[in-house]
Amino acid sequence: MTCGISCVDKTLNKSFYHLGVCIAKHPGYFIIIPVLLTMLCMTGYQQLKYQIDPEYLFSPIAGEGKTERAIVEQYFKVNYTHRFNVGRITRPGRFGRVIVITKDGDENMIRREVFQELRQLDNLIQNATTTYDGDTYSYKDNCARWENECFENDILNLDALMDDIETGQLNLTFPFMFNPVTWDAHLFPVFFGGTKLTEDNHVISVPAIQLVYFVTADTKRQDAKGAEWEETFLRVVGNAEDSGRFKHISVSYFASRTLDHELEKNTKTVVPYFSSTFLLMGLFSIITCMMGDAVRSKPFLGLMGNVSAIMATLAAFGLAMYCGIEFIGINLAAPFLMIGIGIDDTFVMLAGWRRTKAKMPVQERMGLMMSEAAVSITITSVTDFISFLIGIISPFRSVRIFCTYSVFAVCFTFLWHITFFAACMAISGYRERKNLHSIFGCRVQPMSVAIKEKRNFLYKAIMAGGIDHNDPDNPIDNKDHMLMAFFKDKLAAVINNKWCKVIIILAFASYLVGACYGITQIKEGLERRKLSREDSYSVEFFDREDDYYREFPYRMQVIIAGQLNYSDPLVQEQVENLTSTLEHTSYVTSRRYTESWLRSFLSFLERNNELNVTVDDEQSFIDAVKEHWLFPGNPFSLDVRFNDDESQIIASRFLIQAVNITDTNHEKEMVRDLRKICKDSPLNASIFHPYFVFFDQFELVRPVSLQAMVIGAIIMMIISFVFIPNILCSLWVAFSVISIELGVAGYMALWDVNLDSISMINLIMCIGFSVDFTAHICYTYMSSKKRSPKARVREALHSLGLPIIQGSSSTILGIVALLLAQSYIFLVFFKMVFLVIFFGAMHGLFLLPVLLSLFGPGSCLTWTGKDDGSDAEVDDSLEDRQLEKPFSQSYYMQYPTMGINGPYGSKGFLGAPYKAYGVDEKDLGLGTSGEDSSESSSSRSQRGQQQVAITEEEVVIRESPRQRYEDRWRRSSYQNIYGQGAAQFQAEPDLYGQQVSAEEWRQRLDTHEQQQRQRQRRGPYENYHQNTEMDMQRVRRNSHDDVIDLHATPNSSLDERLRRQSEVPFSGGSGDDSNFRHQQPMPPTAGSVPPGKRYHRRRSSEDSTSRYQRWPANIEERRARRAHSPAHNRPETATPSYAYRSSSHHNLYQPNGKGSKHPPTYQYGDYY
């Protein structure tokens, strides 16, 4: 199922191999340079720009609310100093609000004792003094004013009528009434909350009363002074409430700076947990990187993995600050995530190290480790990088800033791990090479040696470890990991059970049903109360506001921009139609709450006909409006904007009152429907409220999140295909990403998480996290050579079961501190990261193995019930059928090539260089931190002992690529014939079947050449004596202790030379390496060895002639030489002739002896 797009994988493996070798040669440089760069980048913290403005962070950058506010401020800019009206503000400004309820449980606030304490509270607030820049002032000195009078809570003037109200002589009429004593116009909906009324709109009871205080904010200095006054307001009211100063009333309070404070508190809340998290992660890493082997254990490397991630995050944040990127409190969640990512890479690299052979040099192990970990850590980093990169194009600045810092952190974590942490691994590798204890640093004995020398139990339990270089494959020193064995033997058996598969699929179906239901319950928008800590004073205020002030929540402005002739009846009708249409929606209350200058002016003219005012033309209309209606004391004067010469009206507005808006979804629907009405109007109308700037997120967060998830899933599929070029694997990865994202989106709603800018950050981030486990499980399963799906499941779980548990556990542990912060923002991070990690682990451990066994390679065995779970290879049966076919006669066959060209030229599943050494090793995806991956070292060593006893000189590690190639080629060929499991590179059956390394052939050729020179210097008698002695010593043993009969196996140019100089003729057929048998049994000759194990491997013509061009290329010259050789003149009775081949190794020749009547046949057999 491989595709031809493996260049990325090959390039990565080659590059990382060379990087690993370079790091092993010079580890000090790769430690010092990252440390210095970290210190340099940390100087960027001096450029910190801390941003806590909620509107700036959580409202869309180009939302409609900001456009509408720009229109309003273009024509009707707020004047806090002289012309302030609370219903016509465009920004929150600087203010303080209190919501007061009774302490005794009586829901009626209209009582004398309550109003007395309300007066005390009002005096306390107005008399509190504040100092700013040497200027001391109180509320009255800095209050917002209307016609030079401070904005006051006139509802307190009801205390003058309290006796009449309590006796029932005076009824309060809702929604407004005039005070007969002070002549104030009381607008009860502004101050009263949760009011209960009679049918005649008389007030029965008032559960809550609100008081509001506004200060000037026209200039930057006024805004700064207002901010300081807010601090004093919060402190004074908070102290009064906490001290129990009031006996009858309970006060909750809020200011415009409250959300700023809460965001800052969120930041400070999580900071103390950094140290505890680092300690917890360090302890976890140390424990999980330890093992029973005291030498191969890597506790300090687990700790250095944490140090590397911390250094990378510090350097990344410092560089981002150097670039002028603003810092926000949410960024403090990034270090917890980066530690989790860094620890995952640590496990991957340690797993790659453990899959290398302990007897190899450190440089070679580092190259192979880096090469093997290249795809795993790169695909993890790239997917995280791309997912955060998608977030940078978000319309919310909070998302952009967080994702920008995270992009820097992901890149630096990746770079620091392949440099700094890799250098630490190299140093640890040198320690392991010297068999030094992982903690104490002293030289210790391997377990096998300790057992032989009968060391005490304590030494074997604590000190023994490493390998015996004289016996590196001893199973005692290469034990399999207990948990890896559990995943392979126990969990795989459960998953391979057909009834368990049914249960897993049913559980997955239930999971999808719950996710789909949860998606239907998603609430959109970031509620203000969720920006505050759970123990914040503002939470009580928001709760009371929702309980008592949702009936009349928003005073909305409708702006009509553009030059219009308001004296035209058609324009007046259009304005009236727009006003009526808005009033008849379910979101707007009746017309009695509407403030329309045009409607009230025309009504005024109808009621006062005696004024004889003419408004037939535009100029007379404007003159009449100015004279009779838009006088300075009338608030309607703030609703009409004239041109410079005041000859035309270029903009106007009217106010409508929202009613019974219950939640964020209702707010979203209200804004959308009211905006649509304005857009459908023939007038250039728009509707606005200061909170609409925040409500815009309700409209954008769903489509933006959906768009990011779809784009992310597509990109993740493409990335997976680039790094793992298998189309079926990419489809399974895309399916898993969609499934996990669906589950996260659905269950987050059931876990009380709204779809807002905070959860959108996590959804984008989860796109990358969802790939980690699933991609590598798919890749490991698909790249397995097992024919049986059950065997593939066992191999995948044996390789990745433990690292999935380690990776998921480390990530969840890294974010536990966010759960303790008591902040909604960080709680969302914990919930959603927990969901994606948990769902990803469950997909990787249970769902994907089941689905792949049912719909992946070899699934027909599962459906037909023929899956016996054997470890047979996919192509075993095909090879067996090919090898059983006999050849009846001589033939010409081109010598097959093995596809190996140096240490990187071979192609396995992806053409990775670490697969080019002829061993049964392959990339197993996301790292395993056990002792081995697809096959444990102990199982390999046991299999090796069953196959052949390897001598000491064969385990010497060759340094040059050529020597490595020859050694691996010989061993892989040996495994093809005698091994129980096939090697990764299955060479085709060659012609003569002898398996001898090229190095050994050259040694034999050199020896023979020296003998030739000596024979030329000696006389004929000495040569004859030497030839006889050679015949007697023709039986020898190779490095494997295998018997090689040079007399009976003439399979190379050397053999032909020996044959021509020996006295015994050769004849008979030769054949393929796996199945060739004698045509007729040959009697043994003197000095020959009894039948035994022989080599089945021959050198190619290229290998034999590229260095030693000794023989002519044409047959005629060879025959001419053979005619003069001693063998040609040999008597016919000596020994039966065998078929021999020329030095080209392709053609067979049969000498025309006297007894040869038929052409020789070529059959398979064990001997020539």
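These entries record what I looked up in a predicted model.

**Entry 1. The nonpolar cores**

I began with the interior. The largest nonpolar core has 213 residues. I noted the residues with the most contacts inside this core: Val 98, Phe 192, Phe 233, Met 366, Phe 402 and Phe 829. Helix α30, which spans residues 824-855, gives the core its largest share, 20 residues.

I then took Phe 402 as an example and listed what it touches, leaving out residues up to four places away in sequence. Its contacts include Ile 328, Ile 330, Asn 331, Ala 333, Ala 334 and Leu 337. Phe 388, Ile 761 and Phe 829 are also among the residues that Phe 402 touches.

I also found a second core, separate from the largest one, with 44 residues. Among its members are Val 588, Phe 601, Leu 630 and Tyr 691.

**Entry 2. Strand β1**

Val 98 led me to strand β1, residues 94-102. I asked how many of the nine residues of β1 are buried. The count is nine of nine, so the strand is largely enclosed by the rest of the structure.

I next sorted the residues of β1 by direction. In a regular strand the side chains alternate between the two faces of the sheet. Here, Arg 94, Gly 96, Val 98, Val 100 and Thr 102 point one way. Phe 95, Arg 97, Ile 99 and Ile 101 point the other way, and both sets are buried.

I looked up the partners of β1 as well. The strand pairs with β11 (residues 208-215) in the antiparallel sense, over seven bridges. Within this pairing, Arg 97 has Val 212 as its bridge partner. β1 also pairs with β12 (residues 249-255), again in the antiparallel sense and over seven bridges. There, Ser 250 stands opposite Ile 101.

**Entry 3. Salt bridges**

I turned to the charged residues. Side chains of opposite charge can pair when their charged atoms come close. The structure holds 38 salt bridges, and I examined several of them.

Asp 104 and Arg 111 form one, with their closest N and O atoms 3.1 Å apart. I asked whether Arg 111 is buried or exposed. Its relative accessible area is 13%, so Arg 111 counts as buried. Asp 104, at 46%, is partly exposed.

In the pair of Asp 163 and Arg 112, the closest N and O atoms are 2.1 Å apart. This bridge links distant parts of the chain, since Asp 163 lies in helix α7 (residues 162-167) and Arg 112 in helix α5 (residues 112-127), 51 residues apart. Asp 163 is partly exposed at 47% relative accessibility, and Arg 112 is partly exposed at 30%.

The third pair I examined joins Arg 599 and Glu 583, with 3.0 Å from N to O. Arg 599 belongs to helix α22 (residues 597-607) and Glu 583 to helix α21 (residues 569-583), 16 residues apart. Both residues are buried.

I also recorded a network in which salt bridges share partners. It joins Arg 88, Arg 555, Glu 595, Asp 639 and Arg 653.

**Entry 4. A nonpolar patch on the surface**

Last, I looked at the surface. A nonpolar patch there is formed by Met 290, Phe 300, Leu 303, Ile 439, Phe 440, Leu 458 and Ile 462. Together these residues have about 670 Å² of accessible area. Helices α12 (299-322) and α17 (457-463) are the elements that give two or more residues to the patch. Ile 462 is found in α17 and, at 41% relative accessibility, counts as partly exposed.

Terms used
Residues are numbered from 1 along each chain as its sequence is written. This is a predicted model: local features need pLDDT of at least 70, side-chain atom pairs count only at pLDDT 80 or more; totals for chains, interfaces and linings use all residues. Side-chain values use heavy atoms; hydrogens and water are left out. A nonpolar core is a set of buried Ala, Val, Leu, Ile, Met, Phe, Trp, Tyr and Cys residues joined through side-chain atoms within 4.5 Å. Buried means under 20% relative accessible area, exposed over 50%, partly exposed in between (1.4 Å probe, protein chains only). Helices (H or I, at least four residues) and strands (E, at least two) are DSSP runs, numbered from the N terminus. Contact means heavy atoms within 4.5 Å. Patches are made of residues with over 30% relative accessible area and no salt bridge: like charges are joined within 9 Å, nonpolar side chains (Val, Leu, Ile, Met, Phe, Trp, Tyr) within 5 Å. Accessible areas come from the Shrake-Rupley method with a 1.4 Å probe; for residues, only the protein chains shown count as cover. A salt bridge is a side-chain nitrogen of Lys or Arg within 4 Å of a carboxyl oxygen of Asp or Glu. Two strands pair if DSSP finds at least two bridges between them.
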